[in-house]
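Work through the exercises below with the sequence and the 3D view side by side. Try each task before reading its solution.

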Number of protein chains: 2
Amino acid sequence: MKPSARKSRITIPGFGFAGISADIKDSGEKDLALIYSDVPAVTAALFTTNRIKAAPVKLAISRLSRQKHCRAVIINSGNANACTGKQGIKAARRMITETAKELNIIPGLVQASSTGIIGRQLPVKKIEKAIPDLVRNLSPRSLANAASAIMTTDTFPKISQKKLSIGNKTGTIAGIAKGSGMICPNMATMLCYICTDIAVTHKALDSALRKAAALSFNRLVVDNDMSTNDTVMVLSNGSLGNTPLTARSSHYRKFEIALGDVMYDLSRMIALDGEGATKLVEVIVRGARTESDAERVGKMISNSMLVKTAIYGKDPNWGRIIAAIGSSGVNVREEKIDIYLNRIKLASRGVGTGRESAAANILSNKSVAITVDLNSGNRSANVLTCDLTEEYIKINAHYST
Amino acid sequence: MKPSARKSRITIPGFGFAGISADIKDSGEKDLALIYSDVPAVTAALFTTNRIKAAPVKLAISRLSRQKHCRAVIINSGNANACTGKQGIKAARRMITETAKELNIIPGLVQASSTGIIGRQLPVKKIEKAIPDLVRNLSPRSLANAASAIMTTDTFPKISQKKLSIGNKTGTIAGIAKGSGMICPNMATMLCYICTDIAVTHKALDSALRKAAALSFNRLVVDNDMSTNDTVMVLSNGSLGNTPLTARSSHYRKFEIALGDVMYDLSRMIALDGEGATKLVEVIVRGARTESDAERVGKMISNSMLVKTAIYGKDPNWGRIIAAIGSSGVNVREEKIDIYLNRIKLASRGVGTGRESAAANILSNKSVAITVDLNSGNRSANVLTCDLTEEYIKINAHYST
């Protein structure tokens with residue numbers, strides 16, 4: 001799942017990318033990214049539901065409610081520009097106007113995002129100073145640089161791509177994301193930018209985005225914290241030349257599925273790269289009365305620190321799983337619950353099967369599935385998470401200092 | 001706060017206690033406790049709200065709904081007797097009948113509790129075999145032995161006592177508790193037994209218990225898991241000889257406060273002894289529109305893994321605190337929020353004050369207070385929690401194996 005040479009060659013017609021160091025991070029690593037479209041791209045976006053929102057998120061929500069197009073997105077890592085008061089809003093505006101000036105486009109077509117530590121003023125002068133260099137670095141082949149520049153504690157850049165035929169043409173949907181900590185529905189602490197050359201109307205793009213996010217990023221749990229900066233943006237610049245897709249177009253459903261695939265793929269990478277995580281855990285809840293019941297049970301399991309530490313310890317402790325199921329608030333029946341680790345049945349109708357030692361071996365894998373059958377209906381939901389390790393504590397005990 | 005010699009001498013007139021090893025724990029440590037009252041004691045109790053309940057909890061809920069008196073409580077640690085099906089119910093009944101037989105009282109006056117690993121059948125034969133020895137060990141001065149025998153991953157026994165004058169007599173309220181992991185409202189993974197010689201009617205005792213629990217155990221967060229076994233029981237045997245207190249008695253309010261103090265004291269010990277914890281954290285939320293808003297914000301902060309790891313890392317990262325506040329669902333206003341660590345103001349009206357280095361020193365203390373002023377009303381609530389450390393992961397990654 002780590003970025004391959006193949007991924008670093010991904011291009012999306014009509015888009016350019018850049019990622020450089022603006023000296024925001026002490027480490028000297030890349031911390032400033034730019035996404036640029038040759039023409040105004042139809043843009044749909046989703047943001048954190050946290051009441052405390054970072055300055056660029058406040059701006060983007062307000063500006064995207066009026067302007068449905070975008071030509072450039074500038075993103076910095078290393079500083080969240082959150083809880084920075086009026087000075088923070090000014091700094092975010094400054095990022096936008098300076099980028100617009102350098103690109104010679106109107107500021108209304110530029111969006112900004114930030115990620116990193118909360119509560120420190122953005123070093124906007126460093127960003128301003130780096131913008132000319134950032135723009136000079138724009139290239140259709142630099143998606144991987146942009147993916148690296150938005151990373152915080154991520155250990156690898158996250159890139160996913162899907163090609164699909166629209167009539168007799170082949171369109172591309174490709175995206176980058178960053179995750180790692182503060183990953184809790186709804187919306188992880190994550191930034192995600194998806195670009196496509198396929199023309200889609202704003203209404204259809206917005207609808208496809210919401211549907212895909214509900215099944216991917218909103219079913220992703222790393223820890224139980226929700227960020228102030230979460231942003232998912234999809235830009236469609238229509239370079240493919242197709243008639244813009246609407247919800248009624250024959251190719252729309254295919255587009256929706258492909259967008260969902262890209263977002264689910266990025267979600268899996270975020271779970272796998274959860275801070276300190278050693279394992280990707282897919283929690284599959286079936287036999288629920290409603291999908292929302294299934295999702296609640298799945299999220300409760302994914303949020304359980306005891307389940308997550310047991311998985312890390314290669315301990316198939318299904319007692320912790322059933323305790324989490326019971327505390328979800330869903331009206332479950334203990335005597336109906338089956339629990340599996342991959343294909344091994346750990347509990348049958350609420351009672352242990354004694355197959356722990358067989359199951360323990362599975363927990364050496366890099367990726368495991370916990371399946372819960374509530375045997376009370378025919379609805380299901382998948383939730384993505386990871387294990388919880390000492391490394392998570394180490395990373396987070398010393399992040400800001 | 002560790003048990004002193006003073007605490008080990010606590011007695012409550014008319015009550016006897018015992019704590020021995022029945023060989024349930026591999027370690028050979030004490031794992032079987034008995035609380036005994038010379039006469040039937042008025043008994044009020046609260047249990048886990050988890051849908052999945054351990055066998056003894058199911059039994060106790062059903063039996064205490066018919067029988068408001070109790071003379072003995074037998075408690076084992078090392079095995080939760082949860083998710084053990086019909087065999088588990090039989091085992092719990094067996095614990096009760098064997099205890100009743102040995103004490104020569106009716107089984108209806110005996111209650112049982114269990115704590116430990118979920119999903120393994122209770123080694124009830126070991127318990128049966130140990131009961132005669134357990135009863136022989138009964139002594140008014142053995143409260144500390146009982147407190148030790150109910151421990152799982154606790155590092156010290158938890159005992160609290162309060163004396164109060166009822167007319168011209170001095171009554172006692174004393175309790176023991178165990179906590180450590182799976183501590184999440186409502187009701188921690190905890191067992192708590194409180195004995196008093198003060199006579200109280202069942203209705204008044206039940207009401208005082210609910211009120212005290214709402215302000216103590218239900219505002220206590222160690223991790224985000226809710227146990228299948230949580231139990232709080234209060235036994236009032238009336239040995240003091242006072243007229244049973246009702247909600248209208250002149251001394252009732254004093255009793256209620258003293259019971260609340262004992263339960264809050266035990267809650268603090270549970271937080272301090274949270275698995276792997278190095279610090280007790282008291283989260284005080286004030287300036288809320290309603291007490292329930294204040295409690296929600298306090299619990300959100302107390303549940304935040306990022307806040308808890310930052311405190312462990314002596315990092316006064318108030319950005320994580322404000323992010324947790326914003327995700328509580330309470331309609332807070334960023335520009336009104338003040339955040340303090342002890343008396344040091346870290347954020348004023350939502351913006352940092354730059355006093356992190358002064359605050360970092362405070363985090364070397366064994367006990368710290370986070371105060372949040374929402375400046376939106378005059379309601380407040382306190383929530384108790386602890387920091388999150390590598391040790392928590394180590395303890396829980398290898399608990400059942």
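**Exercise 1. How many helices and strands does the secondary structure of chain A come to?**

The model is a predicted one, in which local features need pLDDT of at least 70 and side-chain atom pairs count only at pLDDT 80 or more, while totals for chains, interfaces and linings use all residues. Residues are numbered from 1 along each chain as its sequence is written, and chains are lettered from A and ligands numbered from 1 in the order in which they are written.

Step 1. Chain A has 12 helices and 15 strands, where helices (H or I, at least four residues) and strands (E, at least two) are DSSP runs numbered from the N terminus.

Step 2. The radius of gyration of chain A, 22 Å, is close to the 21 Å that the globule rule gives for 401 residues, so chain A is as compact as a globular protein of that length; the radius is taken over C-alpha atoms, and the rule is 2.2 Å times the number of residues to the power 0.38.

Step 3. The C-alpha trace of chain A spans about 65 × 55 × 40 Å along its principal axes, and 62% of the 401 residues count as buried (20 or more other C-beta atoms within 10 Å of a residue's own, against 12 or fewer for exposed and partly exposed in between, with C-beta atoms placed from the backbone).

**Exercise 2. In what order do the 7 strands of the open sheet in chain A stand, and which stand at the edges?**

Step 1. The order is β8-β15-β10-β14-β11-β12-β13 (chain A), with mixed pairing; two strands pair if DSSP finds at least two bridges between them.

Step 2. At the edges are β8 (220-221) and β13 (351-352) of chain A, each with a single partner strand, so one side of each is left without a neighbour in the sheet.

Step 3. Strand β12 (residues 344-348) of chain A and β13(A) run antiparallel and are joined by 2 bridges, with A:Ala347 opposite A:Gly352.

**Exercise 3. Find strand β9 of chain B: which residues lie on its two sides, and which strands pair with it?**

Step 1. All 6 of the 6 residues of β9(B) (231-236) are buried. B:Thr231, B:Met233 and B:Leu235 lie on one side, and B:Val232, B:Val234 and B:Ser236 on the other. Such a pattern can be read with a general rule: in a regular strand the side chains alternate between the two faces of the sheet.

Step 2. Strand β2 (residues 32-47) of chain B pairs with β9(B) in the antiparallel sense over 6 bridges, whereas strand β7 (residues 191-196) of chain B runs parallel to β9(B), again joined by 6 bridges.

Step 3. B:Ser236 serves as a landmark for both pairings, since its bridge partner in one is B:Val42, and B:Thr196 stands opposite B:Ser236 in the other.

**Exercise 4. At roughly what angle do the axes of helices α2 and α3 of chain B cross, and which residues meet there?**

Step 1. The axes of α2(B) (residues 55-66) and α3(B) (residues 85-103) come within 8 Å and cross at roughly 65°; axes are lines fitted to C-alpha atoms, for helices over the stretch in contact, and angles run from 0 to 180 degrees between N-to-C directions.

Step 2. B:Ala55, B:Pro56, B:Lys58 and B:Leu59 of α2(B) meet B:Gly88, B:Ile89, B:Ala91, B:Ala92 and B:Arg93 of α3(B), contact being C-beta atoms, placed from the backbone, within 7 Å.

Step 3. By class, this contact has 6 nonpolar, 1 polar and 2 charged residues (Ala, Val, Leu, Ile, Met, Phe, Trp, Tyr, Cys and Pro count as nonpolar, Asp, Glu, Lys and Arg as charged, and the others, Gly among them, as polar).

**Exercise 5. How many residues of chain B are in contact with chain A, and which element gives the largest share?**

Step 1. In the contact between the chains, 55 residues of chain B touch 55 residues of chain A.

Step 2. The elements of chain B that give two or more residues to this side are α9 (305-312), α10 (318-326), β13 and α12 (390-397), and the largest share, 8 residues, comes from α10(B).

Step 3. By class, the side of chain B that touches chain A has 22 nonpolar, 24 polar and 9 charged residues.

How values were computed. Two residues are in contact if their C-beta atoms, placed from the backbone, lie within 7 Å.
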